[in-house]
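Student: Could we go through this model together, one question at a time, so that I can learn how to reason from a structure to an answer?

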Amino acid sequence: TEEKEYTEEIYEIGYGFLDQYQGKGYAKESLLAIFDYMKEQGVKKIYAGTAKNNLPSVGLLNSVGFQLVGTERISFHKDSEGNDIYFEGGNFVKELC
């Protein structure tokens, strides 16, 4: 196999809030502050991923300028018999400059 050499640094963002703090704008406020900081550092792109059926998260990403660039089948959990439980994940990117 051929290894790829990456010429740019890759930054990925993630977030999670307890139920009582969801829907209050804290995630959006946090993301916007992080974007400002990352721009100051010279970062050009930020990546994010979420389950495509997680509509609040997809909506948040869209509202701050992320674009869906791909999907993938992801498994983080197993069922009671040890089989992987899969979901469709969305891959998003935001240009900062």
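Tutor: We can begin with Gly 14, which lies in the loop between strand S1 (12–13) and H1. Please keep in mind throughout that this is a predicted model.

Student: Is Gly 14 buried or exposed?

Tutor: To decide this we need a cut-off, and a residue is called exposed when its relative accessible area is over 50%. Gly 14 has a relative accessibility of 63%, and therefore it counts as exposed.

Student: How far apart are the C-alpha atoms of Gly 14 and Ala 27?

Tutor: Along the chain, Gly 14 and Ala 27 are 13 residues apart. In space, the separation of their C-alpha atoms is 10.0 Å.

Student: How many aromatic pairs does the structure hold, and which residues form the pair that includes Tyr 21?

Tutor: The structure holds two aromatic pairs. In one of them, which is tilted, the ring centres are 6.3 Å apart and the planes make an angle of 55°. Tyr 21 is partly exposed at 40% relative accessibility, and its partner, partly exposed at 37%, is Tyr 26.

Student: Which residue pairs with Phe 35, and where in the chain do the two partners lie?

Tutor: Phe 35 forms a tilted pair with Phe 66, with 5.9 Å from centre to centre and 55° between the planes. This pair links distant parts of the chain, since the partners are 31 residues apart. Phe 35 belongs to helix H1 (residues 26–40), while Phe 66 is in the loop between helix H2 (55–63) and strand S3 (67–78).

Student: Are Phe 35 and Phe 66 buried or exposed?

Tutor: The cut-off for buried is a relative accessible area under 20%. Phe 35 has a relative accessibility of 2%, so it counts as buried. Phe 66 has 1%, and therefore it too counts as buried.

Student: Lys 94 carries a charge, so which side chain of opposite charge is nearest to Lys 94, and how far away is it?

Tutor: Lys 94 lies in strand S4 (residues 84–95), and although it is buried it has no salt bridge. A salt bridge needs the nitrogen and the carboxyl oxygen to be within 4 Å. The nearest side chain of opposite charge is Asp 36, at 8.9 Å.

Student: What, then, does the side chain of Lys 94 reach at 2.9 Å?

Tutor: Leaving aside neighbours within four places in sequence, Lys 94 is in contact with several residues, including Phe 35, Phe 66 and Val 64. At 2.9 Å, its side chain reaches the backbone oxygen of Val 64.

Student: How many salt bridges does the whole structure have, and which residues form a salt bridge with closest N and O atoms 2.6 Å apart?

Tutor: Side chains of opposite charge can pair when their charged atoms come close. A search of the whole structure finds one salt bridge. Asp 84 is partly exposed at 36% and Lys 78 is exposed at 51%. The salt bridge with N and O atoms 2.6 Å apart joins Asp 84 and Lys 78.

Student: Over the ring of which residue does the charged end of Arg 73 sit?

Tutor: Here we look for a ring rather than for a charge of opposite sign. The charged end of Arg 73 is 3.7 Å from the centre of a ring, and that ring belongs to Tyr 86.

Conventions. Residues numbered from 1 in each chain as written. Predicted model: local features only at pLDDT ≥ 70, side-chain atom pairs only at ≥ 80, totals over all residues. Heavy atoms only, no water. Phe/Tyr/Trp six-rings, centres within 6.5 Å; stacked < 30°, edge-to-face > 60°. Buried < 20%, exposed > 50% of the residue type's maximum accessible area, 1.4 Å probe, protein only. Helix = DSSP H or I, 4+ residues; strand = E, 2+ residues; numbered from the N terminus. Lys NZ or Arg CZ within 6 Å of the ring centre and 35° of its normal. Lys, Arg positive; Asp, Glu negative; His and termini not counted. Polar contact = N/O pair within 3.5 Å; in protein donor to acceptor, adjacent residues only side chain to side chain. Contact = heavy atoms within 4.5 Å.
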